[in-house]
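Colleague: I am new to this structure. Could we walk through it together?

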Amino acid sequence: MYGDYFIFNDVNSENYNIVIGSQSAIEDSSFSLNRTIIKGNVNKYREKVSSLGTTNDEVITFDFIILKNPCSSVETTFDIDETREILAWLTSPHYPTLFRWGRNDIGLLPYEYFGTFTEVTSFSKGGNIYGIKVKFETNSSYAYSPIISKTFNIINSADISIKNSSDNLNDYIYPIVKINTNFTGTLNITNVSDDNRDINIDVYQDNEITIDCAKLQIKDASGLVDMYDLGFTSLDYIYWIRLVNGENIFSITGGDVDITFEYRECYKIGIFN
C-alpha cells in the first residue's frame, strides 16, 4: 500500500501529489464483524434464550499517514497553502462519502467504503509538516462493490436473470429499478426466485419511472408519484423488488420496456488492500 493513492469525494489524491505513506495501522485492523445476539432471558420455565437475530457491534475504521509523492516531488514538507487545500478536501463533507483505494500496479480496487475523516493531525518535526495523520470512519461493517447496473430491453414479455453475490447470504438487496415504458397498460414484474412475489404498475407511453426499493419511493421526471396513480388500490402491502442471494429469475410481462436494475453488493473483507 505504501505509495498508493486513494479517491475521496470523487477527487484523486494524485491531484495533490500525495500518497499513502503508512500502512501499519491498516494491517492491524480487524474485519469489524463482531456481533451481538439480540436475545431474551432464561428463567425457570425457559431453558433456552430466545434469539431475535444479531446486530453488528462496530464499523470499519482505519488510520494512515499522507505523504508527498516521493517519485514526483523534490520537496517533502507541506507548506501552509498545500495543507489548507488538503484539509479542506478531506474534512468538508459532513456525511458519509465515497472512498476508494488505488493500487499503482493494478489501478482502483473493486470495492468501496462510505465514511468520514474524523481525525486529522500533523506529523511534524522542527516546525515542518512532513505528513498528515488521518482516521477514516466508515458507516458500515462492510465494504461495497461499485454500482452494478443491469439493463434489459423487454419486447412484450421476457424472463431475465440477475445474480446477487453479496456476502450477506441470508439477507436481501433492495435495488433501484429504472423503467422506460414504450406502452400504456399494466406492467408486471415477478421475482420467481422470491416465492413468485410481484408488483403491478400502471404505466404510460414514453414515461420514465424510478423505483427506489430501499427508500420505498417511486418517482418520475416530476418527482414523487402518487401511488394510487400507478394503480395501487392499497398501500398496506406492496412488493418492493428485492434480490435474494444467488440467482434471481424475473418474469416481466405487459408490454415493451427498457428496465435497469442498479445495486451494490456488500463484501465482508474489512480493510483489504
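**Charges, core and loops**

Modeller: Glu85 counts as partly exposed because its relative accessibility is 47% (buried is under 20% relative accessible area, exposed over 50%, partly exposed in between, with a 1.4 Å probe and protein chains only). Please note that this is a predicted model, where local features need pLDDT of at least 70, side-chain atom pairs count only at pLDDT 80 or more, and totals for chains, interfaces and linings use all residues. Residues are numbered from 1 along each chain as its sequence is written, and side-chain values use heavy atoms, leaving out hydrogens and water.

Colleague: Where does Glu85 lie?

Modeller: Glu85 lies in helix H2, residues 80–91 (helices, H or I of at least four residues, and strands, E of at least two, are DSSP runs numbered from the N terminus). Together with Glu75, Asp79 and Asp81, Glu85 forms a negative surface patch. Patches are made of residues with over 30% relative accessible area and no salt bridge; like charges are joined within 9 Å, and nonpolar side chains (Val, Leu, Ile, Met, Phe, Trp, Tyr) within 5 Å.

Colleague: How many salt bridges does the structure hold?

Modeller: The structure holds nine salt bridges, each a side-chain nitrogen of Lys or Arg within 4 Å of a carboxyl oxygen of Asp or Glu. In one of them, Arg264 pairs with Glu112, with the closest N and O atoms 2.4 Å apart. Arg264 is in the loop between E21 and strand E22 (266–267) and Glu112 in the loop between strand E8 (107–108) and strand E9 (113–125), so this pair ties together parts 152 residues apart in sequence.

Colleague: Is Glu112 buried or exposed?

Modeller: Glu112 is buried, because its relative accessible area is 4%. Its partner Arg264 is partly exposed, at 24%.

Colleague: On to the interior: which residues touch the most other members of the largest nonpolar core?

Modeller: They are Ile179, Ile189, Ile241, Phe250, Ile252, Ile259 and Phe261, out of 33 residues in that core. A nonpolar core is a set of buried Ala, Val, Leu, Ile, Met, Phe, Trp, Tyr and Cys residues joined through side-chain atoms within 4.5 Å. The largest share of this core, four residues, comes from E21.

Colleague: And the backbone: what is the phi of Asp206?

Modeller: Asp206 has a positive phi of about 60 degrees, although it is not a glycine. Most residues other than glycine have a negative phi. Asp206 lies in the loop between strand E16 (197–203) and strand E17 (208–212).

Definitions and conventions: Accessible areas come from the Shrake-Rupley method with a 1.4 Å probe; for residues, only the protein chains shown count as cover. Lys and Arg count as positive and Asp and Glu as negative; His and the chain ends are not counted. The place of a charge is taken as NZ of Lys, CZ of Arg, CG of Asp or CD of Glu.
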